[in-house]
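Trainee: Could you walk me through reading a structure like this one, feature by feature?
Mentor: Happily; let's look at it together.

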Amino acid sequence: AGGAAAGLPAGVPGTDFTEVPHTNVRKVIASRLLESKTTVPHYYLSVDLTLDRLLALREELNAKAKKDKEGKPAYKLSVNDFVIKACALSLKDHPDVNSSWMDTFIRRYNYVDVSVAVATDNGLITPIIADADMKGLVAISKEVKELAAKARDGKLLPHEFQGGTFSVSNLGMMGVTGFSAIINPPQSCILAVGATEQRVVPSAGGAFGVSSVARMTLSCDHRTVDGAVGAQFLQSLRRYIED
């Protein structure tokens with residue numbers, strides 16, 4: 001709805017606006033994000049990860065995808081698929097990160113369900129890749145695409161987006177080089193993934209080379225994840241992504 005401040009003619013600077021009613025989805029998003037930022041003690045850890053080997057492997061695997069009669073490949077792996085898998089494996093290495101703060105105890109999950117942030121016309125929603133640590137890259141890739149399509153069409157079932165033990169949010173495809181995401185309660189952490197950039201880096205023998213680098217920032221709940229634990233998680237993530 002449009003409107004102008006009472007007693008002032010339309011068109012006066014600062015008085016011409018449009019009011020967009022809250023949708024139920026937007027109300028839920030607002031409530032949960034406000035709860036997270038006002039009740040969860042966030043802190044942030046950032047690392048720059050080299051993706052040269054990952055990108056080479058991605059190209060190699062995508063080249064091996066079988067094609068149908070129309071030439072469409074059976075799969076197309078994204079960088080985010082690798083990040084989801086690397087996070088899942090790192091969570092198995094560091095179960096303290098795969099946890100939730102409860103009233104009288106910390107709940108450590110014995111399974112790894114990774115929530116993946118998807119932007120829709122109605123707002124952000126986080127469909128879940130269940131047991132991501134036990135799934136291959138192709139399975140993760142197909143599931144992400146299917147769930148993202150259902151999310152945008154408003155067809156996700158409750159079990160497909162309610163829950164999760166860790167979240168990944170990627171704005172790299174929009175050119176965002178780095179950001180700090182808000183934790184998705186009751187999860188303890190969320191990884192924010194920035195764009196892949198070409199950077200000049202030192203190499204062996206004092207020379208310089210060019211590498212593909214992405215900044216990733218881990219938002220942590222300090223009640224469940226101490227700084228050293230968050231740093232160790234990122235060390236594992238670096239190992240899985242760079243090696």
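Mentor: Let's begin with a sorting rule: Ala, Val, Leu, Ile, Met, Phe, Trp, Tyr, Cys and Pro count as nonpolar, Asp, Glu, Lys and Arg as charged, and the others, Gly among them, as polar. Please also keep in mind that this is a predicted model.

Trainee: Thanks! How do the residues of the lining of the largest pocket divide by that rule?

Mentor: They split into 17 nonpolar, 11 polar and 7 charged.

Trainee: And how does one find a pocket to begin with?

Mentor: Rolling a probe the size of a water molecule over the atoms shows where empty space is left. In this model, the largest pocket comes out at about 850 Å³.

Trainee: Which residues lie nearest the centre of the largest pocket?

Mentor: Ile29, Arg32, Leu124, Ile125 and Thr126 do, out of a lining of 35 residues. Helix 1 (24–39), strand 8 (123–125) and helix 4 (137–152) each contribute at least two lining residues. The largest share is that of helix 1, with 6 residues.

Trainee: What volume does the second largest pocket have?

Mentor: That one holds about 650 Å³. Its lining has 31 residues, and Ser78, Asn80, Ala117, Asn170 and Met173 sit nearest the centre. By residue class, this lining consists of 18 nonpolar, 8 polar and 5 charged residues. Among the elements that supply at least two of its residues are helix 3, strand 10 (166–170) and strand 12 (208–221). Helix 4 provides the largest share here, 5 residues.

Trainee: Helix 3 caught my eye. How many of its residues are buried?

Mentor: Burial is judged by relative accessible area, and buried means under 20%. For helix 3, 12 of the 15 residues pass that test, so the helix is mostly covered. The buried residues include Val79, Phe82, Val83, Ile84 and Leu91, and also Asn80, Asp81 and Lys85. As for geometry, helix 3 covers residues 79–93 and reaches 21 Å from first C-alpha to last, close to the 21 Å expected at 1.5 Å a residue.

Trainee: Which element gives the most to the largest nonpolar core?

Mentor: To read a core, look for buried nonpolar side chains joined to one another. The largest one here has 45 residues, and Val83, Phe166, Leu191, Met216, Leu237 and Ile241 touch the most other members. Elements giving two or more residues include strand 3 (42–50), strand 11 (189–202) and helix 5 (227–242). Helix 3 gives the most, with 8 residues. Take Val83 as an example: leaving out residues up to four places away in sequence, it touches Val168, Leu191, Val193, Met216 and Ile241. There is also a second, separate core of 6 residues, Phe179, Ala181, Ile183 and Ile190 among them.

Trainee: Now for the loops. Where does His222 lie?

Mentor: His222 is in the loop between strand 12 and helix 5. With a relative accessible area of 40%, His222 is partly exposed, because that class lies between the 20% and 50% cut-offs. Beyond its neighbours within four places in sequence, His222 contacts Pro41, Tyr43 and Gly227.

Trainee: What about Ala74: which residues does it touch?

Mentor: Ala65, Lys66 and Lys142, again not counting residues up to four places away in sequence. Ala74 belongs to the loop between helix 2 (52–63) and helix 3, and its relative accessible area of 44% makes it partly exposed. The C-alpha atoms of Ala74 and Lys142 are 9.4 Å apart, although 68 residues separate them along the chain.

Note on methods: Residues are numbered from 1 along each chain as its sequence is written. This is a predicted model: local features need pLDDT of at least 70, side-chain atom pairs count only at pLDDT 80 or more; totals for chains, interfaces and linings use all residues. Side-chain values use heavy atoms; hydrogens and water are left out. Helices (H or I, at least four residues) and strands (E, at least two) are DSSP runs, numbered from the N terminus. The expected span of a helix is 1.5 Å times one less than its number of residues. Buried means under 20% relative accessible area, exposed over 50%, partly exposed in between (1.4 Å probe, protein chains only). On a 1 Å grid over the protein atoms alone, a cavity is a set of points where a 1.4 Å probe fits but cannot get out, and a pocket is an open set with protein on both sides within 12 Å along at least five of seven lines; lining residues have an atom within 4 Å of a point. Grid points are joined across faces, edges and corners, and a volume is the space filled by probe spheres set on the points. A nonpolar core is a set of buried Ala, Val, Leu, Ile, Met, Phe, Trp, Tyr and Cys residues joined through side-chain atoms within 4.5 Å. Contact means heavy atoms within 4.5 Å.
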